[in-house]
Amino acid sequence: MLDTVPAPPEPKVIHGATGEWELVIGMEIHAQIASEAKLFSGASTGFGAEPNSHVSFIDAAMPGMLPVLNEFCIRQAVLTGLGLKGKINLRSAFDRKNYFYPDLPQGYQISQLYHPLVGEGEVWVEMSPGIARRVRIERIHVEQDAGKSIHDMDPNMSFVDLNRTGVALMEIVSRPDIRGPEEAAAYVAKLRQILRYLGTCDGNMQNGNLRADVNVSVCRPGQYEKYQATQDFSHLGTRCEIKNMNSMRFIQQAIDYEARRQIAILEDGGKVDQETRLYDPDKGETRSMRSKEEAHDYRYFPDPDLLPLEIEQEWVDDIAAAMPELPDAKKARFIADFGVTDYDAGVLTAETENAVFFEAVASGRDGKQAANWVINEFFGRLNKEGLSISDSPVSAAQLAGILDLLANETISGKIAKDLFEILWTEGGDPAEIVESRGMKQVTDTGAIEAAVDEIIAANPAQVEKAKQNPKLAGWFVGQVMKATGGKANPAAVNALVAQKLGL
């Protein structure tokens, strides 16, 4: 955990016609476990295949087919639990959640209602530099995904693709600790970052590999504090669940709309119905999907085809011992070891690829200078051209080579940028390019002094102006750099100009 101050809840306050209202938000994040095979079958989890091409007999619910638990998926879920500081339950069990829908050929979903694999944990969400909010995790359970119904191929027909059926999911359930739309998006982003660092979910929201169900309710000021004291949910108001959100921006928009919808109902003397809703981003509003079901509506019961899952503490300890460095710890280390700012450390650790690249560049070098080059020059160029780090024409070793040439004063800052452009467009070894193209900076003070003298002698009027206004000395520096093709050592030029002008 970063050296941050736990921030008290700062609820989003909405001013209604009859007074103030506060938001209360809980989230259920469905994260697809990064695994090549499904939870109970050996079928592929690859995205984008032809419909119904990744379906085994088990996925299709053929008679007599029995599920076989994928141990790797359980390992990934345990690793996730450890990364979120969750309690790993050595004994868990699978249940059947019964409902009928075309994309669920079994007529039930295998999930974990009563005995989840992971118990209470937490996520720290940094809301501003040095200020963080704690969101409690209630549980993480493992379950299988359903298929996909397709309605837009023919106006008179619906189609079913079972490729996703049986794909392993982790459902990460939070407490109602989130108090506003921005905090909700920040929570999802932080959770996604942790999962990607762990390698347990790729976090691809566009493909549906990470999606959120958002529970929203509103209450009067002071009611949330009563809930905290009593754990009585009635203080929080009736909640509505917005299903299958896969965009940070849409999550914020949906929460804001839904809160205002509920407030309007309550202030009009009505009653908010507990229900499941969908968000329409084109209209910017939520709409009713179905009344909110309770557990008994699904007729949960232990799955008779699967024994309770029992794991050994030693196995859990082995997973914990191999756990990678997580974002908060890496950010704190970058600040301590490389002297970078909190903001820069956040940018450099936002993705694992960013952190790996920066560390390769900065190792044994000036950390602040490395951060400046990685963030401004390298990331800036990637963003401009729409490239990822893996597609970059400039490697970490090449960028480190530029920094080495700067450090030993072989090249100046201006030459370094020219060299970066050459590497980006042509490739090559930085030191060899500098040598072969005569790009070394001029450090011979005699040669620089001669250039300074020549410029001063040729511009007596400018000399007088500079003596009256020392800021104009920069003009002479620019002229000398121009005369030397940008190769003169800038520090030496500045020193000689100031000396010659008597500044």
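This is a guided tour of a predicted model, stop by stop, with what to select at each one.

**Whole chain**

Start with everything shown as a cartoon. The protein has 16 helices and 17 strands. Taken along the principal axes, its C-alpha atoms fill a box of roughly 95 × 60 × 55 Å. The radius of gyration is 30 Å, whereas a compact globule of 503 residues would have one near 23 Å.

Switch to a surface view. The accessible surface comes to about 24200 Å², and carbon and sulfur atoms account for 51% of that. Of the 503 residues, 48% are buried. Of the contacts between residues at least 6 apart in sequence, 69% join residues at least 24 apart.

**Stop 1: the patch around Met62**

Select Phe57, Met62 and Met65. These residues form a nonpolar patch on the surface, and together they have about 310 Å² of accessible area. Met62 belongs to the loop between strand 3 (19-32) and helix 1. Its relative accessibility is 41%, so Met62 counts as partly exposed.

**Stop 2: Leu82 in helix 1**

Move on to helix 1, residues 71-83, and select Leu82 within it. Which residues does Leu82 contact, leaving aside its neighbours within four places in sequence? They are Ile88, Val316, Ile319, Ala320 and Met323. Add Arg260 to the selection for a distance check: its C-alpha atom is separated from that of Leu82 by 37 Å, and the two residues are 178 apart along the chain.

**Stop 3: a network of salt bridges**

Select Arg192, Arg196, Glu351 and Glu353, and show their side chains. A network of salt bridges links these four residues. In general, side chains of opposite charge can pair when their charged atoms come close. The protein's count of salt bridges comes to 35, and the next stops show some of them.

**Stop 4: Arg277 and Glu275**

Select Arg277 and Glu275. The two form a salt bridge in which the closest N and O atoms are 2.5 Å apart. Is this pair buried or exposed? Arg277 is buried, because its relative accessible area is 7%, under the 20% limit for that class. Glu275 is buried as well, with a relative accessible area of 12%.

**Stop 5: Glu325 and Arg333**

Next, select Glu325 and Arg333. Their side chains meet in a salt bridge, 2.9 Å from N to O. Glu325 is partly exposed at 29% relative accessibility, and Arg333 is partly exposed at 23%.

**Stop 6: Lys331 and Asp342**

Select Lys331 and Asp342. The side chains of this pair meet in a salt bridge, with 3.4 Å from N to O. Lys331 lies in helix 6 (residues 327-338) and Asp342 in helix 7 (residues 342-348), so the salt bridge ties together parts that are eleven residues apart in sequence. Lys331 is buried, with a relative accessible area of 8%. Asp342 counts as partly exposed, at 28% relative accessibility.

**Stop 7: two residues with positive phi**

Most residues other than glycine have a negative phi. Select Asn244 and Arg299 to see two with a positive value.

Where is Asn244? Its place is in strand 13, residues 240-245. The phi of Asn244 is near 55°. This residue is partly exposed, with a relative accessible area of 43%.

Arg299 has a phi of about 50°. The residue lies in the loop between strand 15 (285-291) and strand 16 (301-302). Its relative accessibility is 47%, so Arg299 counts as partly exposed.

**Stop 8: the two faces of helix 14**

Finish at helix 14, residues 460-468. Which of its residues are buried? They are Gln462, Val463 and Ala466. These three are on the same side of helix 14 because they cover an arc of only 105° around the axis. The general rule is that an α-helix has 3.6 residues a turn, so residues three or four places apart point the same way.

Now turn the view to the face of helix 14 directed away from its buried side. That face carries the exposed residues Pro460, Ala461 and Gln468. Colouring these apart from Gln462, Val463 and Ala466 shows the exposed residues and the buried ones in one view.

Methods
Residues numbered from 1 in each chain as written. Predicted model: local features only at pLDDT ≥ 70, side-chain atom pairs only at ≥ 80, totals over all residues. Heavy atoms only, no water. Helix = DSSP H or I, 4+ residues; strand = E, 2+ residues; numbered from the N terminus. Contact = heavy atoms within 4.5 Å. Buried < 20%, exposed > 50% of the residue type's maximum accessible area, 1.4 Å probe, protein only. Arc of directions from axis to C-beta. Patch = residues over 30% accessible without salt bridge, like charges linked within 9 Å, V, L, I, M, F, W, Y side chains within 5 Å. Areas by Shrake-Rupley, 256 points an atom, 1.4 Å probe, with all protein chains shown as cover. Rg over C-alpha atoms; globule rule 2.2 N^0.38 Å.
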